[in-house]
Each structure stands twice: as C-alpha cells, then as structure tokens.
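Dear colleague,

I am passing on the structure we spoke about, so that you can look at it alongside your own work. Please open it first and then read my notes below.

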Amino acid sequence: MNHRHGPQTTTAHELNDSHEALHIHKEKTPRSAAALTLDKLPVGKPARVLALNAEGALRRRLLDMGITPRTEIRIQKTAPMGDPLELKLRGYSLSLRKQDAASIDVEPIAEEGSK
C-alpha cells in the first residue's frame, strides 16, 4: 500500500489552537462589576438572579424551585453555622445549601423606596 501523502500528523501548536477554541466556547457570559454569587450576598439585601452555573440534576432542581434568571431573591437569614441559607423569593421561603447558592450569579438591586 503506497501512501502518497503519508499519515496525517497534528502538531502541538495545532492542538493548542484547537484547545483554545474549545475553551472560548465554554466561557461564561461576562458578569457586571456588581455581580456576585448568592452565597456572598449580605443578609437582607435584595438581588436579581443573573444565571445558574449548575448542570444536570442540580440545575433542574434550582429551576424547579423557581430560581430562574431575572427572579428577585434575598437571603432572609442563615443557620447558626452559616449553612443552609433561608431565601425569600416569589412570595415564599426556601432553604438552600450554601454550596448550591454558590452556583447562582446574582446582581444586587436597590430596595423599593430607597434611592
């Protein structure tokens, strides 16, 4: 069997270029300067959900509980050891583990009546 062009090889430079291209597609949408994760939000401060950085069952569970982009949310209180967090959203209270709250990007908003 005669190969006219020989076996195809990939250089390290080409592999690095393709890896960078894949990495670019996986990057998150840039957050605003005021954005933070829900676990870092001060108690009582209202915020708006920007994005969920969770996948699979956790993402589905958060969405099913009503934590969706543009939802207003606030931490009502924390347990004595700091975990879980008691959240207030959509007119009800919800307890959420701090680890799960870390996967929710929020943007603090001004409280109604204060400017």
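What follows is a short account of the overall fold, the sheet and its two edges.

Please keep in mind that this is a predicted model. The protein has 3 helices and 6 strands, and, when these are read along the sequence, they follow the pattern α-β-β-α-β-β-β-α-β. Of the 115 residues in the protein, 27% are buried, while the exposed surface comes to about 8600 Å², with carbon and sulfur atoms supplying 52% of it. Among the contacts with a separation of 6 or more, 62% are between residues 24 or more positions apart.

The 6 strands form an open sheet with antiparallel pairing, and their order across the sheet is β1-β6-β2-β3-β4-β5. Because β1 (36-37) and β5 (92-96) each have a single partner strand, they stand at the edges, and one side of each is left without a neighbour in the sheet.

At the β1 edge, the partner is strand β6 (residues 104-108), which pairs with β1 in the antiparallel sense over 2 bridges; here Thr37 stands opposite Asp105 in β6.

At the other edge, β5 pairs with strand β4 (residues 85-89), again in the antiparallel sense, over 5 bridges, and Lys88 has Ser93 in β5 as its bridge partner. These two strands, β4 and β5, form a hairpin with 2 residues between them, and Arg90 in the turn has a positive phi of about 50°.

With best wishes

Terms used:
Residues are numbered from 1 along each chain as its sequence is written. This is a predicted model: local features need pLDDT of at least 70, side-chain atom pairs count only at pLDDT 80 or more; totals for chains, interfaces and linings use all residues. Side-chain values use heavy atoms; hydrogens and water are left out. Two strands pair if DSSP finds at least two bridges between them. Helices (H or I, at least four residues) and strands (E, at least two) are DSSP runs, numbered from the N terminus. Buried means under 20% relative accessible area, exposed over 50%, partly exposed in between (1.4 Å probe, protein chains only). Contact means heavy atoms within 4.5 Å. Accessible areas come from the Shrake-Rupley method with a 1.4 Å probe; for residues, only the protein chains shown count as cover.
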